[in-house]
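I am opening a notebook page for a structure that is new to me, and I mean to write down what I look up in the order in which I look it up.

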Amino acid sequence: MIKKILKVVILTLAVTVASQSAAFLSVNNQTVNQVNANEIEVLGKPGIRKKDFWCAVGDYLSRNKVSWRTKVYVKSGIGQGITASSNNAVVFTLNPKVSGVEIYTKNLVTDILAVGYGRSVTGAFDECRFLLLGFF
């Protein structure tokens, strides 16, 4: 019985370590996790700005060979994390229809993390430009 419990504990730890190592660290030092085939979550560190969420998802998608023209949309604004314990997470989707998100169609954008707001991977990654140029 003890051996069986020990095996379960070891297996659980192995799965936990494997899932933690699968996390992606973006160029602006944010953790990015794949939620499912269509959704990506950015776990923001303290002090993160809204445009940093876009930088992180743009970096993740570009390094995973997603076309620069592909649109990515906000599924849920800053809130509780899905893939990790965090109250500073944003979920993005590549397929708003499948994710149940209505595309943002207003001309005026007052919140770049509004649900349904979308950018191309190029537009998302463009938020990294000052960081890559050495500016803050």
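**Entry 1: surface and burial.** What does the accessible surface of the chain come to, and what share of it belongs to carbon and sulfur atoms? I looked this up in what is a predicted model, and I noted about 8,500 Å² of accessible surface, with 60% of it belonging to carbon and sulfur atoms. I then turned to the inside of the chain, where I found that buried residues account for 36% of its 136 residues.

**Entry 2: confidence.** Before going on to details I checked the pLDDT, which has a mean of 86 over the chain, with 80% of the residues at 70 or more. I marked residues 3–21, because their pLDDT is below 50 and, beyond near neighbours in sequence, the stretch has zero contacts in the model. Where pLDDT is low, the predicted coordinates should not be read in detail.

**Entry 3: the elements.** I listed five helices and six strands as the secondary structure of the chain, and I wrote their succession from the N terminus as α-β-β-β-α-β-β-α-β-α-α. For contacts between residues at least 6 apart in sequence, I noted that 59% join residues at least 24 apart.

**Entry 4: the sheet.** In which order do the six strands lie in the sheet? I traced the order β1-β2-β3-β5-β4-β6, in an open sheet with antiparallel pairing. At its edges I found β1 (24–25) and β6 (118–120), each of which pairs on one side only. I followed one pairing in detail, that of β4 (residues 71–79) with β5 (residues 89–93), which is antiparallel and extends over four bridges; Ser76 has Val91 in β5 as its bridge partner.

**Entry 5: the helix across the sheet.** I next looked at helix α2, residues 50–63, and saw that it lies across β1, β2 (31–34), β3 (39–43), β4, β5 and β6, running at about 130° to β3.

**Entry 6: the disulfide.** Which residues does the disulfide join? The structure holds one disulfide, and I found that it joins Cys55 to Cys128, with an S to S distance of 1.9 Å. Cys55 belongs to helix α2, whereas Cys128 is in the loop between α4 (121–125) and α5 (129–133), so that the pair, 73 residues apart, links distant parts of the chain. I recorded 110° about the S-S bond, a right-handed link. Are Cys55 and Cys128 buried or exposed? I noted both Cys55 and Cys128 as buried.

Note on methods
Residues numbered from 1 in each chain as written. Predicted model: local features only at pLDDT ≥ 70, side-chain atom pairs only at ≥ 80, totals over all residues. Heavy atoms only, no water. Pairing = 2+ DSSP bridges. Helix = DSSP H or I, 4+ residues; strand = E, 2+ residues; numbered from the N terminus. Contact = heavy atoms within 4.5 Å. Axes fitted to C-alpha atoms, helices over the stretch in contact; angles between N-to-C directions. Buried < 20%, exposed > 50% of the residue type's maximum accessible area, 1.4 Å probe, protein only. Areas by Shrake-Rupley, 256 points an atom, 1.4 Å probe, with all protein chains shown as cover. pLDDT = per-residue confidence, 0-100. Disulfide = S-S within 2.5 Å.
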